[in-house]
Amino acid sequence: MAERTAGDISEQPHETGSVPLTRGLSTKLLLLTVLFVMIAEVLIFIPSVANFGMQWMQQRLDNAAAVSIILMEGEDETLTPQIRDELLMATGVKAIAVRDADVSRILVVTDMPPEVDEHIDLDAIAPPAAIAQTFSTLFFGGDRVFRIFGTVGDTGKIFEILIADTGLRDAMLTYARNVAFLSLIISLFTATLVFYAINRIMIRPIRGMTQSMLSFAAAPDEPGRVITPEVRGDEIGVAERELARMQAALQKTLGEQKRLADLGLAVSKINHDMRNMLASAHLISDRLSTIDDPAVKTLTPRLLRTLDRAVTYSEGVLNYGRTQEAPPSRRRLRLHALVEEVRNVLPLDADNSIEFANAVDEDFEISADSEHLFRVLSNLSRNAVQAMAGDHGPSVVRRLTISAERVDHTARIYVTDTGPGLPQKARENLFAPFRGSAKSGGTGLGLAIAQELVRAHGGALELVESIGGHTVFAITIPDATPPA
């Protein structure tokens, strides 16, 4: 049987109504209880009918033994043939015989049959044989003659009788009918009690949880849809409490997500207009750089860097607001050349004394999406440059280094800076958007976006070390297809 996937389940129609009675657990429970009780009654019925048959034959043998004793001890002139026949007819047998000390004696015969169909030794018959013999008579008897023999009491004599099985079969049919009717009554009564108990203890709470889940799914933002758990200490109580806790947590999460979605929409609109205004300001700043004024020439580069930083933040917010990044289109890249492209977009002016070291071997190759990897390296590099921009003093070393190494079929890129290191709060929320910024006013989206892009390659982005004067980020990207 094929396994069902989450997609197959999600494509099924959503049922909001109650489960039909014919498909409900209550109906299934009732039918199964009746079935199992009937099976138990059948297991009891079979030996019960067999035991009834054996008792019926033993009773006939006991009656015949009592008559035999009367016949053997009575005088011929006392017991007339008519009395003998009446005694024999009262026992319901055709003939009576007794065997004592290997001497057999036929006491009386009313109708000697031409043949005996079955010989039954009541002293030696085993339970399986008794069951087989009983049901043979029940299903195929009615016109057969049995020779039944066995000891009676402590006399030591073996009594034998010849008897038709008609009476035995009729008695067993009546007994079987009564037992079957009684078994049906017992099974229905037992099933009703079991059904009532289990329905009250299990089915009703489960039905309540099912209705609560359906109701909650219809309107998860309504507080009244959260289930109210019963006060009970069993598994059902635990399930109800956990369901109530999950519904409340989901309701809270949905509320937060809705607020974030509304906030994101508002921020996207603001960013859209802000980018247009920043673009206009950037054009004006470019024109300012043409003015032959020492003060303007000094301030213009700083203004441009500030505008570039604002544009970058706006783009980061918009990029993070996308539903999903496009899957990477991996190609073989020369990492050294890509790092040079990153160098060209960084705000590295000659007057800020920030060194950039491209320590990647010119022949080093990596399997990655060039645009994605460029965004990752530029985000990490911009963060490093901004962290070191606040350091003052001609003796302070401010250097950004990008290096790489290969371990088997995995490329590992290191982005190292000599900045002041990440504060504790930033390390605790390193890849959390809007919380992992290392400086005041930052969004913290750069690292979150970088991590998402690296994970899309099947790799990982991690902070190796961050202390004063030494911060190292490592990018691990496995090759798409290992070389042969």
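## What counts as a core

A nonpolar core here is a set of buried Ala, Val, Leu, Ile, Met, Phe, Trp, Tyr and Cys residues joined through side-chain atoms within 4.5 Å. Keep that in mind while looking at this predicted model.

## The chain at a glance

The chain has 484 residues, and 34% of them are buried. Its secondary structure adds up to eleven helices and twelve strands.

Take the contacts with a separation of 6 or more: 67% of them link residues 24 or more positions apart. On the outside, the chain exposes about 28900 Å², with carbon and sulfur atoms supplying 59% of that.

## Two cores

The largest nonpolar core holds 37 residues, and the members touching the most others are Leu335, Ile366, Leu373, Leu377 and Ile475. Quite a few elements chip in two or more residues: helices H8 (335–345), H9 and H11 (445–456), along with strands E8 (365–368), E9 (399–407), E10 (410–417) and E12 (470–478). The top contributor is H9, which gives eight residues.

Leucine 377 is a good place to zoom in. Leaving aside residues up to four places away in sequence, leucine 377 touches Leu335, Leu338, Val339, Val342, Ile413, Val415 and Ile475. There's also a second, separate core, made of 29 residues, with Ala64, Leu107, Val152 and Ala176 among them.

## A closer look at H9

Does the length of helix H9 add up, and what sits at its start? H9 covers residues 370–389, so at 1.5 Å a residue its 20 residues should span 28 Å, and its end C-alpha atoms are indeed 28 Å apart. At the N-terminal end, aspartate 369 does the capping: one of its side-chain oxygens lies 2.9 Å from the backbone nitrogen of glutamate 371.

## Two loop residues

Proline 223 sits in the loop between helix H5 (166–218) and helix H6 (235–288). With a relative accessible area of 61%, proline 223 counts as exposed, because the cut-off for exposed is over 50%. Lysine 252 is 29 residues away from proline 223 in sequence, while their C-alpha atoms are 9.7 Å apart in space.

Aspartate 408 is found in the loop between E9 and E10. Its backbone is a bit of an oddity: most residues other than glycine have a negative phi, yet aspartate 408 has a positive one of about 55°. Aspartate 408 is exposed too, at a relative accessible area of 67%.

Technical notes
Residues numbered from 1 in each chain as written. Predicted model: local features only at pLDDT ≥ 70, side-chain atom pairs only at ≥ 80, totals over all residues. Heavy atoms only, no water. Helix = DSSP H or I, 4+ residues; strand = E, 2+ residues; numbered from the N terminus. Buried < 20%, exposed > 50% of the residue type's maximum accessible area, 1.4 Å probe, protein only. Contact = heavy atoms within 4.5 Å. Areas by Shrake-Rupley, 256 points an atom, 1.4 Å probe, with all protein chains shown as cover. Expected span 1.5 Å × (residues − 1). Polar contact = N/O pair within 3.5 Å; in protein donor to acceptor, adjacent residues only side chain to side chain.
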